[in-house]
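Welcome! Here is a short briefing to help you find your way around this structure. Take a look at the sequence and the model first, then read on.

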Amino acid sequence: MTEFIVCGCCTAEGPHRAAPLRRRLDDLGTRHDLVETDMPGDPDTNAPGRPFQIRAAMDRHPGRTILFIDAGCRIVGTRDDLMRAADIPGDIALHVGTGRYPDGRRGLVPHAETLVLRPTARAYVFVRAWIETWKRSAGTDAEQDLLAAALARVPELCVTFLGAEFCTTEENAHPLPVIVHACARTAGTINRWERPNTARRPSS
């Protein structure tokens with residue numbers, strides 16, 4: 001069984017975003033580390049640079065699998081669902097969707113809202129490559145493009161594709177979501193999905 005911890009962070013101006021998530025993780029008996037930070041990031045979304053957050057989380061929890069999510073998301077699945085996401089065979093896991101180029105062609109689009117990182121050498125190399133790509137962009141590229149560029153820079157990186165239920169929104173209308181991300185704002189609608197889970201104390 002994979003030993004994992006749920007991590008995420010927000011800027012000092014937005015700790016209220018993480019409060020519901022902390023309560024939900026406590027109810028599920030799931031270890032978590034949701035922190036406030038002054039790391040560089042996007043002032044429009046109040047989100048510190050994600051690769052910097054992830055590297056800090058990996059440094060704080062060596063030897064553990066990191067399930068990294070946005071602090072403003074809702075977990076509506078069970079602890080077993082989170083375990084299923086964390087128990088991957090590869091180095092990292094993320095959800096990949098599709099998008100259209102201006103000429104109409106379709107392409108793969110990696111999503112960073114939910115990420116799983118195992119404590120492997122290649123996972124650390126990937127995060128380092130992502131940070132270097134982020135620094136070079138100086139805020140001129142979209143996060144998805146930076147993520148794709150970092151993925152391409154790590155030979156033999158083993159990537160697991162997460163199901164859409166781990167990186168969905170209310171608008172996507174997934175039939176059985178586990179993690180619902182930021183643009184799902186209607187709490188009453190989100191809560192109707194929430195599945196009960198017997199709270200289990202995390203092992204020490």
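This is a predicted model, and a good place to begin is its confidence. Over residues 184-204, pLDDT stays under 50, and the model has 48 contacts beyond four places in sequence for this stretch. With that in mind, here is a tour by topic.

**Confidence along the chain**
- The average pLDDT of the chain is 81, and 79% of the residues score at least 70.
- Strand β5 (residues 65-69) has the highest mean pLDDT among the elements, at 96, while helix α6 (residues 187-191) has the lowest, at 34.
- Residues 42-47 also keep a pLDDT under 50, and the model has seven contacts beyond four places in sequence for them.

**Helix α2**
- Helix α2 (residues 50-60) is largely enclosed by the rest of the structure, because eight of its 11 residues are buried.
- Among these buried residues are Phe52, Ile54 and Met58, and Arg50 and Gln53 are buried as well.

**Helix α3**
- Helix α3 (residues 79-86) is mostly covered, with six of its eight residues buried.
- Those buried residues are Arg79, Asp81, Leu82, Met83, Ala85 and Ala86.
- At the N-terminal end of α3, Thr78 acts as a cap: one of its side-chain oxygens lies 3.3 Å from the backbone nitrogen of Asp80.

**Thr120 and its loop**
- You will find Thr120 in the loop between β8 (106-117) and α4 (121-137).
- Thr120 counts as buried because its relative accessibility is 17%, which is under the 20% cut-off.
- The side chain of Thr120 reaches the backbone nitrogen of Ala123 at 3.2 Å.

Notes. Residues numbered from 1 in each chain as written. Predicted model: local features only at pLDDT ≥ 70, side-chain atom pairs only at ≥ 80, totals over all residues. Heavy atoms only, no water. Buried < 20%, exposed > 50% of the residue type's maximum accessible area, 1.4 Å probe, protein only. Helix = DSSP H or I, 4+ residues; strand = E, 2+ residues; numbered from the N terminus. Polar contact = N/O pair within 3.5 Å; in protein donor to acceptor, adjacent residues only side chain to side chain. pLDDT = per-residue confidence, 0-100. Contact = heavy atoms within 4.5 Å.
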